[in-house]
Amino acid sequence: MRIFALVCALGMMASSVSFAFDCKGHKADLARAKTSFTTNCVSCHGEKGDGNGPAGQYMNPKPRSFATDDFKSGGKKPNADLVFTTISKGLAGTAMTAFEGQIKDEKERCDLAHYVLSFRKK
Ligand code: HEC
């Protein structure tokens with residue numbers, strides 16, 4: 001029994017430090033993501049994800065359009081895992097900061113990743 005508990009504890013430790021979170025496979029709650037996006041992201045990325053938020057429009061580099069531009073991470077085919085990493089870790093040299101400290105729930109960051117991709121015009 002004690003060994004079982006130890007294995008469980010080690011397993012939990014390993015999962016909390018690894019990048020194993022499967023954002024692609026996560027079923028996103030887009031309604032929740034919209035609320036979070038409005039609070040945390042709209043000032044720069046704009047309501048439509050076009051980069052024309054009240055602060056974003058004056059930035060250099062300006063946030064690209066999630067709808068029509070290629071992504072830095074993933075080019076023409078960004079996916080939820082790549083976007084999740086960008087949201088968590090930020091982009092050096094830009095105003096895009098790491099959100100893993102501010103938005104601690106990885107499911108919420110993952111919801112946001114799916115929300116970002118929902119802007120894309122295919
Ligand atoms: C202070 C302004 C600001 C805020 C707030 C902000 N971003 Fe960004 N974001 C940027 C800038 C600037 C870039 C980089 C410009 C570029 O190359 O697109 C960027 C880049 C990104 C990218 C990278 C796209 C790519 O090209 O790979 C994603 C995804 C993203 N932001 C999502 C978010 C999400 C989700 C939030 C809210 C949790 C958020 N951002 C909040 C300014 C901001």
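In which helix is the place of alanine 33? In this predicted model, alanine 33 belongs to helix H2, and that helix, which covers residues 30-40, offers a convenient starting point for a walk through the structure.

Alanine 33 counts as buried because 21 C-beta neighbours lie inside 10 Å of it, where 20 or more are needed. Once residues up to four places away in sequence are set aside, alanine 33 touches Ala28, Asp111, Leu112, His114 and Tyr115. One of these partners, leucine 112, is 79 residues away along the chain, yet the C-alpha atoms of alanine 33 and leucine 112 are separated by 5.1 Å.

From this single residue the view can be widened to the two helices. Two packed helices are described by the angle between their axes together with the distance between those axes. For H2 and H5, the axes come within 8 Å and cross at roughly 90°, so that H2 is roughly perpendicular to H5. On the H2 side the contact is made by Leu30, Arg32, Ala33, Lys34, Ser36 and Phe37, while H5 contributes Glu108, Asp111, Leu112, His114, Tyr115 and Ser118. Sorted by class, this contact has five nonpolar, three polar and four charged residues.

The interior comes next. In soluble globular proteins, nonpolar side chains tend to be buried together. The largest nonpolar core here has 15 residues, and those with the most contacts inside it are Ala80, Val83, Phe84, Leu112, Ala113 and Val116. Helices H2, H4 and H5 each supply at least two residues of this core, and H5 gives the most, with five residues. For valine 116, leaving aside its neighbours within four places in sequence, the contacts are Gly49, Phe66 and Val83.

The ligand brings in further parts of the chain. It is surrounded by 23 residues, of which Cys41, Cys44, Phe71, Lys72 and Met96 are the closest. The elements giving two or more residues to this shell are helix H3 (42-45), helix H4 (80-89) and helix H5 (106-118). By class, the shell is made up of 15 nonpolar, six polar and two charged residues.

A residue outside the helices closes the tour. Phenylalanine 21 is found in the loop between helix H1 (2-17) and H2, and, because 18 other C-beta atoms lie within 10 Å of it, phenylalanine 21 is classed as partly exposed. The C-alpha atoms of phenylalanine 21 and cysteine 110 are separated by 9.1 Å, although the two residues are 89 residues apart along the chain.

Methods
Residues are numbered from 1 along each chain as its sequence is written. This is a predicted model: local features need pLDDT of at least 70, side-chain atom pairs count only at pLDDT 80 or more; totals for chains, interfaces and linings use all residues. A residue is near a molecule or strand if its C-beta atom, placed from the backbone, lies within 6 Å of it. Helices (H or I, at least four residues) and strands (E, at least two) are DSSP runs, numbered from the N terminus. Ala, Val, Leu, Ile, Met, Phe, Trp, Tyr, Cys and Pro count as nonpolar, Asp, Glu, Lys and Arg as charged, and the others, Gly among them, as polar. Axes are lines fitted to C-alpha atoms, for helices over the stretch in contact, and angles run from 0 to 180 degrees between N-to-C directions. Angles under 35 degrees count as roughly parallel, over 145 as roughly antiparallel, 65 to 115 as roughly perpendicular and the rest as oblique. Two residues are in contact if their C-beta atoms, placed from the backbone, lie within 7 Å. A nonpolar core is a set of buried Ala, Val, Leu, Ile, Met, Phe, Trp, Tyr and Cys residues joined through C-beta atoms within 7 Å. A residue is buried if 20 or more other C-beta atoms lie within 10 Å of its own, exposed if 12 or fewer, and partly exposed in between; C-beta atoms are placed from the backbone.
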